[in-house]
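Visitor: Before we go into details, could you show me the model and take me through it step by step?

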Amino acid sequence: MSLDEDARWLEWVTKQFESIAGDGKEIDLDEFKTALKVKESFFAERFFALFDSDGSSSISLDELLGALDLLINGTETDKLRFLFQVYDVDGDGSIDPDELRTVLKSCLRESAISLPDEKLDDLTLALFESADKDNSGFITFEELKAELETFPEVMENLTISAANWLKPPNVEKQRGRHTPRYLTRAYWQNNSRKLLFLCAYASLNLTLFLMATLQNTSGGFCFMVAKGCGQCLNLNCTFVMILMLRRCLTWLRATWVVRVLPLDQNILLHQIVGYAIFFFSLVHTTAHVMNFAHLSQSSGSTFRMWEYLLTTRPGIGWVHGSASVTGILVQLIIGLMVVCSSTFVRRSGHFEVFYLSHLSYVLVWVLLIVHCANFWKWFVVPGVVFLLEKIVGIAVSRMGGLYIVEVNLLPSKVTHLVIKRPPFFHFKPGDYVYINIPAIAKYEWHPFTISSAPEQQDTIWLHVRSMGQWTNRLYEFFRQPDLQAVSTKRLTTSLRNRQSQRTQEELFKAVDWNSAVASNKDDAVELTLYRPNDPRGGLRPHPNPAAEAEQGDLPAVREISAKLSENHRFCNIKCYVDGPYGTPTRQIFTSEHAVLIGAGIGITPFASILQSIMYRYRMRKQNCPNCNYSWCENIKDNEMKLRKVDFIWINRDQKSFEWFVSLLTKLEMDQADMEPEGRFLEMHMYMTSALSKNDMKAIGLQMALDLLAKKEKRDSITGLRTRTQPGRPEWSKVFQKVAQENKGKVHVFYCGSPVLAKVIKAECEHFGFHFYKENF
């Protein structure tokens with residue numbers, strides 16, 4: 001924040017104080033929390049105690065402004081002294097380990113990070129031992145200052161703003177006048193295919209409208225407008241169907257057509273055409289109503305207004321004069337579909353309302369064929385293709401009995417489904433399918449991205465976040481304690497034994513305990529497989545696995561299998577799958593430098609892609625026949641032109657990282673060796689609930705996490721080697737770093753919140769990166 005912004009913030013604080021203090025002109029601790037919106041009691045109490053210079057258990061406006069003036073205009077030493085006093089709880093001029101632990105515990109609580117007490121002790125000791133230079137058992141001001149100076153980003157924050165000490169609500173920034181992004185050269189370059197297509201689409205509609213109006217000049221102005229809009233409706237009511245021919249579009253994505261037409265934005269174009277249909281139908285209906293009103297009032301009219309609108313007596317229309325009646329029905333259905341397709345309905349947990357209302361498209365087409373004499377000519381060819389797609393989809397989905405064979409209930413109400421993969425099912429990384437589970441809803445089909453890699457031959461993975469009625473019913477269905485007893489009645493004993501044996505074999509393959517212990521003599525890296533409920537998760541280096549093995553502390557397979565009875569279980573639930581269908585992420589293997597950005601459960605398409613990338617990466621890996629040295633040849637081929645992949649995963653809380661932590665751990669292990677040109681896959685984890693590094697309350701915690709991560713070579717939050725960053729990414733800095741790496745053309749692939757998509761897309765246009773959004 002600049003000095004001007006500091007001044008505005010100080011003005012906001014003054015108004016808050018005056019509104020709460022009233023006539024007394026002083027506020028107590030509770031009022032102080034309310035005024036500055038400081039939610040964590042520890043920091044509120046420490047700040048209040050330091051601001052209360054006279055020890056009266058209340059602070060005046062003068063005391064508050066005096067303290068804040070120090071944070072705004074004070075020297076670097078003054079600000080460091082204030083930070084030291086916050087940490088020095090008992091005020092004895094030094095910080096002991098217990099005081100530091102109290103501070104770190106409060107930071108963890110405010111950042112919504114849950115760590116066991118042992119890990120909190122490790123964090124405390126890591127920071128304390130690093131700062132206590134003389135091993136005196138306490139930290140002095142000089143020692144804290146010296147430690148902070150080893151973290152340049154912390155010292156930079158000391159000079160930024162007072163608001164970094166006491167975070168206010170988001171202060172609206174006054175933005176200067178900038179050129180709208182739609183008028184920039186970068187926007188037109190990055191969206192050229194879409195813009196040219198929209199221009200051609202608009203020109204075609206205008207041409208059809210003018211031709212129809214000129215052919216019907218004898219009927220008057222309203223009749224001309226109605227006919228012009230009707231001709232446009234013939235085009236649009238057919239074209240809206242073409243944009244949803246998923247199998248045809250998936251096939252076209254593998255051809256040269258994808259370089260000419262904006263196939264990856266078919267959903268956006270479908271929405272645009274849908275709104276165009278609503279507009280043209282509304283104008284078409286209004287023009288006809290006005291024309292009927294004119295006809296009913298003319299001297300020679302034999303029909304009244306209501307007869308023109310609600311009966312077939314005037315004989316208007318192709319089939320038995322039913323144009324008016326069918327037109328009104330079509331208008332009502334289209335209006336209902338538009339309302340039920342709104343973002344409010346789809347994103348508020350009522351996807352079924354959108355889905356069921358959209359099924360009325362069949363009725364719209366039937367009514368349009370009856371309504372208009374020429375519509376069938378536009379409809380016949382696309383209609384036949386559409387019908388064939390549906391028949392093929394039904395046939396494929398019903399071929400071979402598909403069953404959900406395993407279910408894992410993950411944190412934040414995510415359901416991991418493992419489906420037996422049929423031999424004829426072939427897909428590309430990032431593809432999605434429609435799934436129907438009769439036990440949940442007999443006639444509902446819902447789309448989900450495949451999260452397993454194509455190279456995984458036996459099963460298909462789906463990760464389903466509970467956000468609506470159907471997804472919530474799915475989660476609750478598999479959470480039932482008696483589900484296993486019901487489902488296993490349909491399984492033979494041999495099948496259960498075979499699945500159980502396979503699970504144990506996979507776990508032992510992941511970690512060969514005997515070879516891991518034996519390799520200690522060569523100073524190799526040993527691994528410990530933590531239990532699923534351990535916040536560290538996955539695989540991590542362990543200092544002495546041999547000692548743990550002797551004590552019987554190694555987590556045995558039978559201990560992990562015990563969790564199967566709670567959140568991870570075998571089952572045999574019938575399901576149907578329609579697909580797979582392609583998405584924009586199919587372009588990833590034609591990229592040179594790919595940036596994958598997943599927000600929350602938006603990681604699912606990238607889980608499949610990352611596994612497939614690393615499979616192909618291992619195919620390139622070379623091993624020296626005379627030693628243990630291995631390397632990866634950085635070559636381009638027809639299968640994969642990638643030279644660099646940056647994976648960015650943004651989560652709200654700590655538990656969400658547990659969805660794919662074991663997968664990410666395996667990817668890190670696969671890439672243990674550095675390539676000649678640097679690491680092929682880089683991971684970047686962000687946790688938005690954690691206090692960001694420019695929040696001064698979080699300085700101690702972030703320093704401790706950094707120190708412990710360097711010491712243990714793993715992150716305390718996720719258990720990965722990649723350090724989890726607090727807060728949200730600064731996209732300008734992220735993309736600036738990507739651009740400086742100069743690994744070739746950069747393609748950014750995103751799956752997650754539409755709001756964040758707009759921000760990332762704008763930054764991509766600024767840097768000239770190609771942007772693809774996962775959407776279906």
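Guide: One definition comes first: helices, of at least four residues, and strands, of at least two, are DSSP runs numbered from the N terminus. The model is a predicted one, and with that definition N742 can be placed in the loop between α30 (731–741) and β17 (746–751).

Visitor: What is the sign of phi at N742, and is N742 buried or exposed?

Guide: The loop that holds N742 runs between α30 and β17. N742 has a relative accessibility of 63%, and because exposed means over 50%, N742 counts as exposed. Although N742 is not a glycine, its phi is about 55°, that is, positive.

Visitor: Which loop holds N135, and what is the phi of N135?

Guide: N135 lies in the loop that links α7 (117–131) to α8 (141–148). With a relative accessibility of 67%, N135 counts as exposed. N135 is not a glycine, yet its phi is positive, at about 55°.

Visitor: How many helices and how many strands does the protein have?

Guide: The protein has 776 residues, of which 49% count as buried. Among its contacts between residues at least 6 apart in sequence, 70% join residues at least 24 apart. The secondary structure comes to 31 helices and 18 strands.

Visitor: Which residues touch the most other members of the largest nonpolar core, and which helix gives the most to this core?

Guide: In soluble globular proteins, nonpolar side chains tend to be buried together. The largest nonpolar core here has 84 residues, and L596 and F647 touch the most other members. With seven residues, the element that gives the most to this core is helix α29 (residues 699–712).

Visitor: How many residues are in the other core, which lies apart from this one?

Guide: The other core includes C232, M241, L245 and F280. It lies apart from the largest core, and its size is 30 residues.

Visitor: Which residues are in contact with F647, leaving aside its neighbours within four places in sequence?

Guide: F647 is one of the two residues that touch the most other members of the largest nonpolar core. Once the neighbours within four places in sequence are left aside, F647 is in contact with L596, I603, F606, L610, L664, L681, E682, M683, H684 and M685.

Visitor: Where does E682 lie, and how far apart in sequence are the parts that E682 and K737 tie together?

Guide: The side chains of E682 and K737 meet in a salt bridge, at 3.9 Å from N to O. E682 is partly exposed, with a relative accessible area of 24%, and K737 is partly exposed as well, at 41%. Because E682 lies in strand β15 (residues 681–687) and K737 in helix α30, the pair ties together parts that are 55 residues apart in sequence.

Visitor: Which residues are joined with K737 and E741 into one network of salt bridges?

Guide: K737 and E741 both lie in helix α30, four residues apart, or about one turn of the helix, and their side chains meet in a salt bridge of 3.0 Å, N to O. E741 counts as partly exposed, at 22% relative accessibility. Through salt bridges that share partners, K737 and E741 are joined into one network with K644, D646 and E682.

Visitor: How far apart are the closest N and O atoms of R723 and D715?

Guide: The count of salt bridges comes to 16. R723 is buried, and so is D715. In the salt bridge that R723 forms with D715, the closest N and O atoms are 3.8 Å apart.

Visitor: How far is the sulfur of C237 from the closest cysteine sulfur, and how many disulfides are found?

Guide: C237 counts as buried, at 4% relative accessibility. The closest cysteine sulfur to that of C237 is in C372, at 9.9 Å, which is too far for a bond because a disulfide needs the sulfur atoms within 2.5 Å. A search of the whole structure gives a disulfide count of zero.

Visitor: Which peptide bond is cis, with omega near 5°?

Guide: The proline concerned, P580, is found in strand β10 (residues 568–581). With omega near 5°, the cis peptide bond is the one from G579 to P580.

Key:
Residues numbered from 1 in each chain as written. Predicted model: local features only at pLDDT ≥ 70, side-chain atom pairs only at ≥ 80, totals over all residues. Heavy atoms only, no water. Core = buried A, V, L, I, M, F, W, Y, C linked by side-chain atoms within 4.5 Å. Buried < 20%, exposed > 50% of the residue type's maximum accessible area, 1.4 Å probe, protein only. Contact = heavy atoms within 4.5 Å. Salt bridge = Lys/Arg side-chain N within 4 Å of Asp/Glu carboxyl O.
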